[in-house]
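Please read the points below with the model open beside you. They are meant for someone who has not looked at this structure before.

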Amino acid sequence: MRLFEYKTQARPFIKWVGGKTQLLDEVRKLLPRDFASRQHVTYVEPFVGGGAVMFWILQEYPNIERAVINDINQELICTYRVIKENVEELTAVLAHIQDEYIPLGAEGRKAYFLEKRARFNTKKTTPVETAALFIFLNRTCFNGLYRVNSKGEFNVPHGKYANPRICDAENLRACSKVLQKVEILCGDFAETGRYAAPNTLFYFDPPYKPITETSSFTSYAKEGFDDDEQIRLRDFCDQISKEKALFVASNSDPKDVNPSENFFDTLYNHFFIKRVSAARMINSDASGRGAISELMISNVVNA
């Protein structure tokens, strides 16, 4: 077992739709066989989300000298930056919120949640308060979802968790240590193209293509991510491959619902495509949380 430099192994500080903790071993299998011995490696994740792959890979492979993460979600990226630069102030605010929220009854908790959600949606908070509210809402909203309306306002209702851990100071400090060598960007995924080089590994976990009419939680930013965006991402994979960068990507498998649907098989027919089994845990209906097929796409020759 690998010994980590960090006293506590950093793990995602939020619950996130499509989080990849369960697929880390599949990501590992798609890496070059000599990845651990390569030098001067840069890791780039243009859709960082909850960061499961990023936190794992930076601790598992210390030969990664530099990392770049990006997301279009401004509040999420604000939270990453605060954890990196001001984690002690953040934990203090979260501890205060936790002390206020936990003793309340059911109605009191709901009212407190709605008050904090409204405050969050004003977009007039300091970076530290934004990060604290982001984590609080994630820990206490229904199913840990992040969803916004057409105005970009967070609109997920209150959840009913008996004892949510709002302030996990130990993990936040571990995350902060990992993030010290990470450049944090907020914008379109294509802006990370400037990092493409032979010693660069990209991991793409874009908002998934909905495979049913009810799989609507994939749009966590008001801009959405439709088929045209999926095609643009494929073009981006072509672009960085020409720069000899490596990539691994994941996405939903439309064949789960329609065996004749070949959208991704056609789109990525010049790359390696592998189907893996995954559990979809975020679903409003527990009966819809069973095993499904997901796609792993790569340009790594030995995958």
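The numbered points that follow deal with the basis of the model, its cores, its aromatic rings, one helix and one loop residue.

1. This is a predicted model, in which local features need pLDDT of at least 70 and side-chain atom pairs count only at pLDDT 80 or more, whereas totals for chains, interfaces and linings use all residues. Residues are numbered from 1 along each chain as its sequence is written, and side-chain values use heavy atoms, with hydrogens and water left out.

2. The largest nonpolar core (buried Ala, Val, Leu, Ile, Met, Phe, Trp, Tyr and Cys residues joined through side-chain atoms within 4.5 Å) has 69 residues, and those with the most contacts inside it are F13, Y43, M54, F55, I57, L58 and Y80. Helix α6, residues 127-140, gives the most to this core, with 8 residues. Because domain 1 (23-72 + 187-298) and domain 2 (76-169) both give residues to this core, it lies between them; the domain bounds come from an automatic or database domain assignment. Apart from this core lies another, of 24 residues, among them I240, A245, A249 and F264.

3. Leaving aside its neighbours within four places in sequence, Y43 is in contact (heavy atoms within 4.5 Å) with residues including V53, M54, I57, L58, L201 and Y203.

4. The structure holds 27 aromatic pairs, where rings of Phe, Tyr and Trp (its six-membered ring) pair if their centres lie within 6.5 Å. A cluster linked by ring pairs takes in F47, F189, F202, F204, F225, F236, F247, F263, F264, Y268 and F271.

5. Helix α5, residues 106-121, reaches 23 Å from its first C-alpha to its last, close to the 22 Å expected at 1.5 Å a residue; the expected span is 1.5 Å times one less than the number of residues. Helices here are DSSP runs (H or I, at least four residues) numbered from the N terminus. In α5, R109, Y112, F113, K116, F120 and N121 are buried, that is, under 20% relative accessible area with a 1.4 Å probe and protein chains only, while exposed means over 50% and partly exposed in between. Seen down the axis of α5, these buried residues fall within an arc of 165°, so they line one face of the helix; the arc is that of the directions from the helix axis to the C-beta atoms. The face turned away from the buried side carries the exposed residues E107 and E115, and what covers the buried residues includes α3, α4 and α6.

6. F142 is found in the loop between α6 and α7 and is partly exposed, with a relative accessible area of 31%. The C-alpha atoms of F142 and H158 are separated by 5.3 Å, although these residues are 16 residues apart along the chain.

How values were computed
Helices (H or I, at least four residues) and strands (E, at least two) are DSSP runs, numbered from the N terminus. Rings of Phe, Tyr and Trp (its six-membered ring) pair if their centres lie within 6.5 Å; planes under 30 degrees apart count as stacked, over 60 as edge-to-face and the rest as tilted.
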